[in-house]
Structures are given as C-alpha cells and as structure tokens.
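Got a minute to look over a model with me? I'd like to go through a few of the labels people put on structures and see what backs them up.

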Amino acid sequence: MADWKHWHIERNDNGVATVWVDVQNQSQNTFSAAVLAELSEVLDDLEQANTDQVILFRSRKENSFFAGADVKEFTGIETAKQAAEVSARGQQIFARVEALAPITVAIIRGACMGGGLEFALACNYRLAINASATRIGLPETQLGILPAWGGTQRLPQIVGLLQAIGMILQAQKLNADKAARIGLVDRVLEDGELEVGIGKAVGELLATGSLKKPPKKRTWAKWFVDRTAMGRSLAISATEKKIAPQLGHYPALGKALQAIRLSFVDPKKGYEFEREALGELILSPTCRNLVGLFLNKERARNPQTWEVPESVREKKIETIAVLGGGTMGAGIAQLAAKRGLKVILKEINDDCLNAARSRIQKSMDKLLARKRMSEADVRQQMDAIEFTTEWAPVSRAEVVVEAVPETMELKKTVFRELSKQCAPETVLASNTSALSVSEIADVVENPQRMAGLHFFNPVHSMDLIEVVQAKQSSSETMGKLVTLSRQLGKTPIVVKDSPGFVVNRVLMPYLDEAVLVAVELTARGQDLSQIDRELKKFGMPMGPLELYDQIGIDVAAHVAGSMSVVFGEDSVTSKILQRMTEQGQLGRKSESGFYRYEKSRRAGLADLKPFLADIELDLPQAPPTPLDEMMTPIQQRLILAMINEAGRCLDESVVPQAWMVDLAMVLGTGFAPFLGGPLSYAKQFSRDDLLQTLEQLAAVYGKRYQPAEALKSL
Ligand code: NAI
C-alpha cells in the first residue's frame with residue numbers, strides 16, 4: 001500500500017494494482033499542479049514495482065473520474081513560456097502512463113473531461129460505467145484553448161479523424177454508450193454490476209493479456225479519411241471552410257484542427273504544436289474572457305456568494321409544487337423530477353391538466369427516442385410528478401413555483417389563494433418575467449417568504465435562473481431559492497426586483513434599438529437584414545430581428561408594454577410591435593414577423609412599411625465616433641444601448657457587481673461569450689472613448705445614451 005494526499009495505491013496478490021484518486025476538499029477531481037506532482041510520484045512507484053500485471057486507475061468519487069485541469073490555475077499563467085511548460089509537464093506525465101509495462105485501465109464513472117480524458121487516453125483500455133453522470137469529452141475549445149496534454153494526438157488515433165474533429169472542435173460530451181460506439185471506450189459496465197464487470201475484465205486481462213473489444217464498424221468512408229492522405233486532406237479542408245467564419249472569435253478551433261492533422265503526419269511535431277499553441281491561446285482575450293466566465297459561473301453556484309444563511313445551506317428541498325403546466329410550468333416540473341425532487345403540478349381543469357401531462361410525456365418520449373433517457377427513467381420521473389387540479393396536495397410542498405399567464409390580476413388572485421392554502425413557512429415564488437414581485441407579494445400573508453424565480457425558455461437547456469429579491473423577501477427565502485436553483489442544476493444570479501430584472505432589462509434596449517434601426521432602414525428603402533448580419537458578425541448567436549421572430553412579436557410587445565421604464569411611455573417600438581401583433585404577424589409561429597417563413601424556413605423579409613403609418617420619423621445621420629474602427633454604426637447603437645443599460649443596473653444596485661450582469665447576459669441571451677459579457681467588452685475601450693461615443697449618440701438619438709454613472713468608473 002502506498003499513500004499520498006490525493007492518491008492511493010492498493011495491490012492484491014494477483015498482480016493487480018488499483019490506483020485510487022480522491023482530490024481532497026473538492027467535489028470533483030481536477031488536475032492542479034499539486035495533483036499532477038503527486039501523480040508523478042505515483043508513477044515512480046508503479047515504474048519501480050515489478051509484480052504488477054494490471055493497473056486500474058479509479059476514482060473514489062462516485063460522479064467524477066477527472067473533470068479536467070484546474071481552471072483556477074490558468075489565471076496565474078502570465079507568459080507563453082509558462083503555458084508551454086504546463087503543457088509539457090502534463091504531456092510528460094501522461095507519456096509515462098502510456099509507457100508503463102503493466103496493462104493500464106481507466107475506470108470511468110462521472111465526468112471524464114479535458115485533462116481527465118487525456119489521462120484515460122494514455123491508458124491501454126477504458127471501461128465506462130453506464131450512468132447518467134458519465135460524460136466523456138475534450139471541451140477545451142470552449143475555454144478558448146486546445147487539449148494540450150496529448151489529447152489532440154491520441155484521440156484521433158483511437159476514434160478516427162472525423163470523430164476527433166467533432167469531439168474537439170464542437171466540445172462534444174459523450175455518454176458511455178456513445179463513447180463505446182465510436183471505439184473511445186472498450187467496454188460499458190452496468191452500474192449495478194460494476195465490481196463484477198471490472199473483475200471479469202481483469203480476469204480476462206490476466207489470462208490472455210488483452211481485452212476482447214467489440215468489433216469496430218468499418219466503412220469505406222472511414223477508411224478513406226483515416227488511412228489515406230487524400231481522404232484526410234479533403235476532410236480537413238472541408239472543416240477549415242466550415243470554421244473559417246468563427247476563427248476571428250475562436251482561434252482555438254483552427255489550432256486544434258492543425259494539431260489533429262499533425263497527429264497523422266508527425267506526432268512529435270504534434271506534441272510540440274500543442275505546447276506552442278497553448279502558449280499563444282491562453283493569453284488571448286478570448287481565452288481570458290471564457291475562463292473568466294467559467295470561474296464566475298462557479299462563483300454564482302457557490303452559496304457563500306449570495307450569503308445564503310447556514311441554516312438553509314445544506315438543507316435540500318424535497319417537494320415542490322408548480323402552478324400552471326404550460327410552456328414554463330411543464331418544463332420546470334420535468335426538470336425537478338429529473339433532478340430527484342417530488343413535484344405537484346396543479347392546473348385549472350382536467351383539459352389543461354391533460355395537456356400539461358402530454359406536454360411532459362412527449363418531451364420525455366423524444367429523449368427516449370434519442371436514448372437520452374431509459375424507459376425506467378421515464379417511468380420514475382413521471383411517477384415523481386403528481387398531476388392535480390386540487391389545492392390540497394399543493395400544501396405539502398416546501399416551495400411553490402407559480403407559472404400561470406402573465407397578468408397582475410391573475411397572479412394576485414393565485415397568490416392570495418396560495419397564502420391561504422399553504423403553511424406560513426412555505427416559500428412562494430413567481431416565475432414572472434416582467435411584473436413586480438414586490439407588488440404581488442403585497443397580497444401574501446407573511447410576505448417575507450415570497451420572491452421571484454425567473455427561469456428561461458426552454459427550461460431544460462437554459463442554464464440561468466434569476467432569483468428575484470422582492471422588497472419583502474427574507475434572506476432565508478432567498479437562500480432556499482438559491483439552494484433549489486442549485487439542486488435543479490442551474491446557475492443562480494440574485495437580482496433586485498426591478499422591471500425586467502437584469503436579463504430582459506439589458507436585452508430590451510438592444511431590441512428596442514433594433515426596431516428603431518429597422519424603421520429607419522425601411523423608410524430609407526434599405527435592406528433590414530443588414531441588422532442581423534452585423535450583429536451576428538459582432539458575435540451574437542442570432543440577429544435581433546431573428547430573435548424577435550423566435551420569441552414571438554406578441555410576447556415581446558407584452559414585455560415592452562410592462563417595461564415603460566426602459567422604453568418610455570411613447571415608444572415607437574411598442575407601437576410597431578403592437579401593430580404587428582394586431583395583424584397576426586407574430587414571428588415564426590405565424591410564419592410572418594420581421595421575416596416571412598414557408599414551412600418553417602425563412603423566405604425573405606416581411607414588409608414593415610404598413611406599420612409605419614403616422615409614425616413621426618426623423619432620420620438622423622450616424623455621428624462619427626471614437627469607436628468607429630471597432631464597430632459599425634448599427635453595432636454601436638445596439639451594443640452600446642445594452643452596455644449602458646448594464647451600467648444602469650449597477651447604478652441602481654439591481655446587482656452589485658459587473659460580473660453578475662455579464663454572466664447573466666451570456667447565460668440568459670447568449671451574448672458573445674468570447675467577449676466576456678457586455679461590461680467586460682466595454683472595458684476594452686478607453687473610458688474617454690466610451691463616454692465620448694455615448695455622448696455623441698445621446699446628442700443624435702436621445703437621452704437613452706446618456707452614460708450610466710457606473711461606466712465612468714469601470
Ligand atoms: P403558458 O400560457 O404556456 O402556460 C400557463 C399555464 O397556466 C396554462 O397551462 C394555464 O392553463 C395555466 N393556468 C392558468 N391559470 C391558472 C391557475 N389559476 N392555476 C394553475 N394554472 C393556471 O405560459 P408560459 O409561457 O408557461 O408562462 C408562464 C409564466 O412564465 C408567465 O408569467 C411568463 O411571463 C413566465 N415566463 C415565460 C417565459 C416564456 O418564454 N414563455 C420565460 C420566462 C418566464
């Protein structure tokens with residue numbers, strides 16, 4: 001037996017050494033410099049021992065083989081040389097793993113990501129446990145870097161060129177089955193029969209020296225791409241073409257592709273390339289911003305950040321009730337059931353209840369068809385939801401989440417009833433997107449237990465929850481909702497109750513400006529799609545007019561109506577959206593919004609002219625500004641509207657710190673992550689250039705561009 005702080009070797013009489021890892025004081029194993037240094041000592045031991053025939057690498061943590069390198073340490077790297085050394089160190093250690101004489105096997109359960117997979121790739125075999133927590137991938141490009149501990153060299157040789165490109169460039173995370181199908185994992189073990197499965201594999205290895213692998217699917221195309229220079233070069237140039245538009249924002253994609261190519265040509269150069277490329281990429285603004293967001297997400301998930309009282313920190317919520325089983329309610333109920341909570345879903349009548357049930361069932365069926373859920377999972381999760389039209393079951397919930405239609409009267413009626421039906425300590429939360437939570441709380445008895453819990457659509461894939469602090473909410477209530485958000489696997493941002501909270505508030509001036517620009521372009525007879533093109537070029541996942549059509553013009557009109565703080569009472573945008581809504585021009589769902597659609601495909605621009613009647617138009621010329629070299633006039637109008645509103649959120653303490661706005665905007669709207677969020681982006685400019693540009697825009701377009709105070713001290 002040999003022992004280290006994080007590692008431990010156990011040997012039996014049959015020549016099997018099990019190397020256990022359990023990184024102390026962390027829920028996930030990560031490769032910090034210290035953990036790697038210890039692994040080096042573990043390897044000294046393994047290299048010197050002469051009785052081992054099989055070495056198993058296993059984690060003591062149930063849901064984490066290795067989550068990857070310790071991202072916190074990235075921020076301490078100051079020069080390309082230091083980064084290259086970090087890469088070299090990992091490469092050397094994993095080369096020693098690869099060179100071990102005994103047969104090496106990685107036993108994977110839970111996260112096996114980044115450096116974790118690079119470690120497993122250096123072993124002779126990989127066994128993965130079929131559990132929902134098992135996720136295998138090389139997501140480094142998501143942090144703006146490339147796998148640089150040998151991942152780009154070993155993976156393509158194991159799974160082939162095309163799979164490696166997909167896994168590394170798209171940061172795919174595979175479950176055990178999928179990993180086995182592409183030959184990344186040699187055997188899948190069932191969760192309940194883990195030890196038996198491992199025992200069987202070890203027996204086979206001791207007896208025959210190898211593990212029988214399932215036959216690899218061979219296709220002519222795969223042979224052509226993996227085995228011929230011409231096939232490879234065709235695949236690589238096709239990928240180069242595909243990623244070309246993203247390279248300006250995500251240079252890591254190009255570097256990773258080059259490294260993968262070298263793995264087929266000259267691995268020695270490939271390893272060298274990994275080291276140099278890491279050095280270049282890790283200091284790039286893209287990487288700094290992506291790493292910053294990653295670390296801030298961890299911060300937002302830490303209860304201490306939100307001062308969650310000790311009394312509620314460790315106490316898990318077991319039962320929630322959801323009122324309303326529409327788009328949001330059904331999504332919330334399904335997510336809670338998936339995360340192991342008991343759910344009571346209440347609707348107003350049997351028809352609506354059946355509709356809610358079939359909405360959830362359909363969504364699970366889809367996951368079942370895609371093998372993302374098993375039949376047992378579906379049964380278990382459906383059983384976890386109690387569907388009802390009665391109040392009595394709701395009273396059993398510790399937290400009630402209301403997701404009924406967005407009108408103040410209805411919300412008040414519902415909460416008045418809730419405060420009668422539930423015990424005084426039951427936490428009551430509204431999923432309203434734009435109504436005042438404090439005003440709703442006025443009708444609640446013991447209003448300190450009331451707050452907002454603002455989910456985003458679609459609930460299963462949007463990572464953010466705004467936990468809204470009403471004037472009345474107690475710290476215990478806020479703490480319980482932060483805990484619940486964490487239990488649901490989401491990232492909570494605590495925000496003060498104010499119109500639109502953070503995300504809609506900061507997004508709306510951007511969307512408002514998009515309509516104003518669209519109106520001006522229409523009046524001038526120019527092409528509107530220019531707006532979307534320019535904003536996508538800036539880095540937004542979709543253009544603002546496309547976004548309107550996606551969320552629905554009627555929904556946007558409704559939100560705009562309840563956010564007169566941002567829009568002003570006499571808003572042109574509100575008028576246009578209202579008129580479009582009245583004409584049934586609702587966006588994608590009605591096949592016509594800012595664009596026209598045929599069979600759900602875009603078929604050109606819609607005509608805005610009919611909506612401009614009696615709207616007073618002045619058509620100002622865009623002023624020259626100090627930011628002209630960095631952004632087009634349209635980009636400046638839209639993005640600076642957003643930045644300025646983000647500044648106002650700080651001025652009004654909607655959230656206390658800039659990183660919170662940035663993280664919320666990236667997670668809630670997809671704001672260009674490589675820029676780090678609106679306020680991080682604003683920090684790129686000199687203060688004077690930023691303020692002067694805003695003043696100039698204010699002079700031409702109006703006081704909405706008057707610089708927020710917070711921007712003066714960014
Ligand atoms: P929806 O119209 O799809 O669903 C509302 C459901 O509530 C319907 O099934 C209805 O039968 C039910 N309902 C009505 N009165 C009820 C009552 N007294 N008790 C129980 N159930 C009742 O609406 P959606 O989109 O799910 O929105 C719900 C809430 O979530 C709204 O406040 C909305 O602003 C908010 N929200 C919506 C988002 C979205 O993208 N749809 C995003 C974030 C928040």
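Here are some questions and answers on this predicted model.

Q: Why are H14 and H15 called oblique to each other?
A: Helix H14 (residues 327–338) and helix H15 (residues 350–369) pack at an angle of about 55 degrees, and their axes are 9 Å apart. Angles under 35 degrees count as roughly parallel and 65 to 115 as roughly perpendicular. The angle fits neither label, so the pair is oblique. As for handedness, the crossing is right-handed.

Q: What makes the contact of H14 with H15, by residue type?
A: On the H14 side you have Thr327, Ala330, Ala333 and Gln334, and on the H15 side Arg359, Ile360, Ser363, Met364 and Leu367. Sorted by type, that gives 5 nonpolar, 3 polar and 1 charged.

Q: How do you know that glutamate 347 makes a polar contact with the ligand?
A: One of its polar side-chain atoms lies 2.5 Å from a ligand oxygen. The cut-off for a pair of N or O atoms is within 3.5 Å, so this pair qualifies. Glutamate 406 passes too, with a side-chain N or O atom 2.5 Å from an oxygen of the ligand.

Q: What makes threonine 327 count as a polar contact of the ligand?
A: Here a polar backbone atom is involved, 3.0 Å from a ligand oxygen. That is within 3.5 Å, so it counts.

Q: Where does proline 458 lie?
A: Look in the loop between strand S17 (450–454) and strand S18 (464–469). The peptide bond leading into it from asparagine 457 is cis, with omega near -5 degrees.

How values were computed: Residues are numbered from 1 along each chain as its sequence is written. This is a predicted model: local features need pLDDT of at least 70, side-chain atom pairs count only at pLDDT 80 or more; totals for chains, interfaces and linings use all residues. Side-chain values use heavy atoms; hydrogens and water are left out. Axes are lines fitted to C-alpha atoms, for helices over the stretch in contact, and angles run from 0 to 180 degrees between N-to-C directions. Helices (H or I, at least four residues) and strands (E, at least two) are DSSP runs, numbered from the N terminus. Angles under 35 degrees count as roughly parallel, over 145 as roughly antiparallel, 65 to 115 as roughly perpendicular and the rest as oblique. A crossing is left-handed if the near helix is turned anticlockwise from the far one by less than a right angle, and right-handed if clockwise. Contact means heavy atoms within 4.5 Å. Ala, Val, Leu, Ile, Met, Phe, Trp, Tyr, Cys and Pro count as nonpolar, Asp, Glu, Lys and Arg as charged, and the others, Gly among them, as polar. A polar contact is a pair of N or O atoms within 3.5 Å; within protein, one must be able to donate a hydrogen and the other to accept it, and residues adjacent in sequence count only if both atoms are side-chain atoms.
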